[in-house]
Amino acid sequence: MDVEGTTESAETAEELEAGKIRLVMAMRRQGIRDARVLSAIERVPRETFVTGAFIDQAYDDHALPIECGQTISQPYVVAYMTEKLEVGERMKVLEVGTGSGYQAAVLAQLCRRIYTIERYRTLLLDAVKRFEILGLHNVTAQVGDGGKGWPEQAPFDRIIVTAAAPEIPLELANQLKVGGIMVVPVDVDGGQGGQKLVRVTREEDGANVEDLLPVRFVPLVEGVARES
Ligand code: SAH
């Protein structure tokens with residue numbers, strides 16, 4: 001376990017801050033327009049969510065390995081998904097795939113409450129410690145199979161899935177309010193064609209589905225992980 005609340009030296013802190021500014025500028029150039037999203041990225045210290053050896057890469061725009069063979073998503077993809085989710089400050093949001101907790105921490109800046117679910121207890125406990133370090137009191141996290149959603153808390157205004165599903169997960173879509181939005185990576189041609197990010201908007205009867213970007217996520221896996 002390697003939760004870093006502080007950085008090792010003042011110089012490192014300055015380097016991290018400079019890296020963060022560069023990253024946010026690059027996001028803007030790459031088309032992230034929502035000022036609230038960019039400001040949320042600025043407020044969340046990504047270095048708190050990466051494991052020790054990767055601290056110096058905290059603001060590089062790529063995914064990094066975390067415990068349990070999983071990854072913290074690429075910052076641009078976090079910003080992009082957050083923007084496409086069109087969140088509002090009164091919203092209740094479900095995240096499937098807590099991982100490091102970074103995406104949940106970004107959403108926590110923008111919404112009323114985040115429910116986040118992870119199949120690895122180890123990852124969940126690390127993420128919860130980070131939420132505590134950062135004083136994020138509007139995140140509720142639990143171990144479970146996120147493919148089944150969080151029926152006790154449904155319906156949600158928004159759902160974000162950060163692991164790739166074989167197809168659009170209907171059990172999750174059914175936990176959206178009418179008018180609610182889900183952003184989810186899904187396999188293309190059974191995974192042979194990679195993955196694409198899709199946005200599902202729940203309608204009165206049925207749903208509208210929109211293709212967004214090609215992406216690469218770890219797979220959504222059924223059931224709670226068995227850990228030794
Ligand atoms: N949002 C994360 C990205 C984590 S990677 C972050 O910001 O760091 C995706 C995560 O989804 C992994 O931790 C993986 O264990 C988890 N996952 C995969 N299938 C799942 C399932 N069915 N239920 C809950 N979590 C799942």
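Which backbone N or O atom lies 3.0 Å from an oxygen atom of the ligand? One of Gln 103 does. The legends below describe close-up views of a predicted model.

**Figure 1. Residues around the ligand.** The ligand is surrounded by 27 residues. Glu 95, Ser 100, Glu 118, Gly 146 and Val 221 are the closest. Ser 100 uses its side chain: an N or O atom there is 2.6 Å from a ligand oxygen. Gln 103 uses its backbone, with an N or O atom 3.0 Å from an oxygen atom of the ligand. Gly 146 faces a ligand nitrogen, with a polar backbone atom at 2.7 Å.

**Figure 2. Thr 162 and its contacts.** Thr 162 sits in the loop between strand 6 (156-161) and helix 6 (170-173). Its relative accessibility is 10%, so Thr 162 counts as buried. The cut-off for buried is under 20%. The side chain of Thr 162 reaches the backbone oxygen of Gly 97 at 2.7 Å. Beyond its neighbours within four places in sequence, Thr 162 is in contact with Glu 95, Val 96, Gly 97, Gln 103 and Phe 217. Two of these names return from the ligand view: Glu 95 is among the closest residues to the ligand, and Gln 103 has a backbone atom 3.0 Å from a ligand oxygen.

**Figure 3. The open sheet of seven strands.** The strand order is 5-4-3-6-7-8-9, and the pairing is mixed. Strand 5 (139-143) and strand 9 (207-215) are the edges; each pairs on one side only. On average, neighbouring strands are turned by 15 degrees against each other, direction ignored.

**Figure 4. Strand 4 between strand 3 and strand 5.** Strand 4 covers residues 113-118 and pairs with strand 5 in the parallel sense, over five bridges. In this pair, Ile 114 stands opposite Val 139. Helix 5 (residues 121-133) packs on the sheet and touches strand 4 and strand 5. The direction of helix 5 makes about 165 degrees with that of strand 5. Strand 3 (residues 92-96) also pairs with strand 4 in the parallel sense, again over five bridges. Here Val 96 stands opposite Ile 117. Strand 4 is mostly covered, with five of its six residues buried.

**Figure 5. Helix 3 and the residue that follows.** Helix 3 spans residues 75-85 and is mostly covered: 10 of its 11 residues are buried. Among them are Tyr 76, Tyr 80, Met 81 and Glu 83. Glu 86 follows helix 3 and lies in the loop between helix 3 and strand 3. Phi of Glu 86 is positive, near 45 degrees, in a residue other than glycine. Is Glu 86 buried or partly exposed? Glu 86 counts as partly exposed, because its relative accessibility is 43%.

**Figure 6. Two cysteines, Cys 68 and Cys 111.** Cys 68 is found in the loop between strand 1 (64-65) and strand 2 (71-72). Phi of Cys 68 is near 60 degrees, a positive value in a residue other than glycine. With 27% relative accessibility, Cys 68 counts as partly exposed. Cys 111 has 6% and therefore counts as buried. The structure holds zero disulfides.

**Figure 7. The cis peptide bond at Pro 155.** Ala 154 and Pro 155 are joined by a cis peptide bond, with omega about 5 degrees. Pro 155 belongs to the loop between strand 5 and strand 6.

How values were computed: Residues are numbered from 1 along each chain as its sequence is written. This is a predicted model: local features need pLDDT of at least 70, side-chain atom pairs count only at pLDDT 80 or more; totals for chains, interfaces and linings use all residues. Side-chain values use heavy atoms; hydrogens and water are left out. Two strands pair if DSSP finds at least two bridges between them. Helices (H or I, at least four residues) and strands (E, at least two) are DSSP runs, numbered from the N terminus. Axes are lines fitted to C-alpha atoms, for helices over the stretch in contact, and angles run from 0 to 180 degrees between N-to-C directions. Contact means heavy atoms within 4.5 Å. A disulfide is a pair of cysteine sulfur atoms within 2.5 Å. Buried means under 20% relative accessible area, exposed over 50%, partly exposed in between (1.4 Å probe, protein chains only). A residue is near a molecule or strand if one of its heavy atoms lies within 4 Å of it. A polar contact is a pair of N or O atoms within 3.5 Å; within protein, one must be able to donate a hydrogen and the other to accept it, and residues adjacent in sequence count only if both atoms are side-chain atoms.
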